[in-house]
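User: Hi! I am new to reading protein models and would like to go through one step by step. Could you help me?

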Amino acid sequence: MLMSITSLLSQIKIGSIGPFSLFIFLYLSTQVTVEAQSSTELEMLFKKHIPGVKVKQLDPLAPFQSIWELKVPQTLDHNHPEKGSFYQKIYVHHAGISRPVVFVTEGYDCRPRVYEPTTLLDANQVTVEYRYFGDSKPEKVDWTLLNHDQAMKDLHYINGLLKKMYKKRWISTGISKGGTTTALYKLTYPKDIKASVAYVAPFPTAQEDHRTIDHYKKQVGTEECRKRIFEFQKSILQNREELRPLIENLAHEEKVNFSIGVDKVIDFASVEFPFSFWQWGFDCGELPLEPWTPKVIFDFIEEVVDFNFYDDPTCKSFEPAYYQFMTEFGYYGFDTTGLNDLLLYENELSNLAFCPKNADLTYRGAYMKKMKDLAEKKGKNIIYIYGGRDTWTACGIFPKGKSYRFDQKFGGHRTRIKNLDTTDKLKIYSLLSAYTKTKIQIPE
């Protein structure tokens, strides 16, 4: 802990030290004063520029000077402000007022993690939790207000508030649903930010976009590999009796429930398997060697799909995502060809099952179709990054004009700039440097 200047002075007799030592002492005293005031000044600035904000300082993390959790009063319905507000959580990683800002548009809840562009630019980072996720929920949920239009206006409002403090160039970034969000934001409010880095950002155009099934059934891997994956799918269902107690034991050990029922968990895990296998960039060489015992099947499903994907806490936390996927964003479905005789719940295997009950789940796809067309034909300064194996890449953007796309041929949903080949990385570094007028911190 830094000692106060008064305490230091009380312990030192000025006459006992020489002029040079006195200069050093006074210099250090000035630095301590500046550091001691910086957090206080930042807190005052947050409260000055964000009406009604709740401010909490978190533990520091190098190279940032400080990290903050802010709860920002956000309008519940931007078209009808009289409906009230809720608190939206954001994190601010403060590197310096004079540094650029990376605006992270999460698609779900958020935590104080540092994103790749932030490190490359040695920038401040502002991370925004998506409305209705995590801590950013109103007391009473009106599902009709969980949509892209409201979310874009959330981001625009927060951007406007914090630009009063951070006046250097802003870019945005996000991953997966957050990657799509960051592209939509740049397309909707092009003047808010200079550029966007959209990681593995899908633009589905149907409630269950069939392009994802075509991808894992016809386009990725080899025919032999795809046949082995199908045989593994079947083995999940053929070993139902032996898998059931393993899943029940998992629930007991982790103190979770599977309210949908263990047999339905097994059905879902089987039809989900090829989507997740390619989404996460697995290779056929990673499939377990036969014979596939129940324990081998269980362990590999845990690695690829994760049975906890279907437990009650996880389903509850993703409920807002399922609602938005199935009503506006678009999502994926399942192909049950060749599995029909082994499935117990064939007609109930839809992601609609995980949506909130008593909500209108009508799919309205006009917004995403319009934005996909805009992204491909008129988008500007958006960098799209995709993994070639990732199932979601089937719904990716092929931009024309002043946006760019980079692919890692065998990459999955975790593909980042660092995974690309040298030529592509250098191109992205050059673009980011030009957009922000900042020297890139090139990783070793």
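User: How do I describe the packing of helix α7 and helix α9?

Analyst: Happy to help! Two packed helices are described by the angle between their axes and by the distance between the axes. This is a predicted model, and in it α7 (residues 223-238) packs against α9 (residues 262-279) at an angle of about 160 degrees. Their axes are 8 Å apart. Angles over 145 degrees count as roughly antiparallel, so α7 is roughly antiparallel to α9. The crossing of α7 past α9 is right-handed.

User: Which residues of α7 and α9 meet?

Analyst: From α7 come C225, I229, F232, Q233, I236 and L237. On the α9 side they meet I266, D267, A269, S270, V271, F273, P274, F277 and W278. Sorted by character, the residues of this contact are twelve nonpolar, two polar and one charged.

User: Now the backbone. Which peptide bonds are cis, for instance at P63 and P291?

Analyst: Here is the general idea: most peptide bonds are trans, and most residues other than glycine have a negative phi. In this model, the bond from A62 to P63 is cis, with omega near 5 degrees. You can find P63 in the loop between β1 (54-58) and β2 (66-75). The bond from E290 to P291 is also cis, with omega near 5 degrees, and P291 sits in the loop between α9 and α10 (294-304).

User: And what is the phi of D122 and of N358?

Analyst: D122 is not a glycine, yet its phi is positive, about 50 degrees. D122 belongs to the loop between α3 (116-121) and β5 (124-128). N358, also not a glycine, has a positive phi of about 60 degrees and lies in the loop between α12 (319-329) and α13 (366-377).

User: Are D122 and N358 buried, partly exposed or exposed?

Analyst: D122 has 32% relative accessibility, so it counts as partly exposed. N358 has 85%, so N358 counts as exposed.

User: What about E129: buried or exposed?

Analyst: Residues under 20% count as buried, and E129 has 1% relative accessibility, so E129 is buried. You will find E129 in the loop between β5 and α4 (148-162).

User: What does E129 touch?

Analyst: Leaving aside residues up to four places away in sequence, E129 touches Q88, K89, E106, Y108, D109, C110, G134, D135 and S136. Take C110 as an example: its backbone nitrogen lies 3.0 Å from a polar atom of the E129 side chain.

Key:
Residues are numbered from 1 along each chain as its sequence is written. This is a predicted model: local features need pLDDT of at least 70, side-chain atom pairs count only at pLDDT 80 or more; totals for chains, interfaces and linings use all residues. Side-chain values use heavy atoms; hydrogens and water are left out. Axes are lines fitted to C-alpha atoms, for helices over the stretch in contact, and angles run from 0 to 180 degrees between N-to-C directions. Helices (H or I, at least four residues) and strands (E, at least two) are DSSP runs, numbered from the N terminus. Angles under 35 degrees count as roughly parallel, over 145 as roughly antiparallel, 65 to 115 as roughly perpendicular and the rest as oblique. A crossing is left-handed if the near helix is turned anticlockwise from the far one by less than a right angle, and right-handed if clockwise. Contact means heavy atoms within 4.5 Å. Ala, Val, Leu, Ile, Met, Phe, Trp, Tyr, Cys and Pro count as nonpolar, Asp, Glu, Lys and Arg as charged, and the others, Gly among them, as polar. Buried means under 20% relative accessible area, exposed over 50%, partly exposed in between (1.4 Å probe, protein chains only). A polar contact is a pair of N or O atoms within 3.5 Å; within protein, one must be able to donate a hydrogen and the other to accept it, and residues adjacent in sequence count only if both atoms are side-chain atoms.
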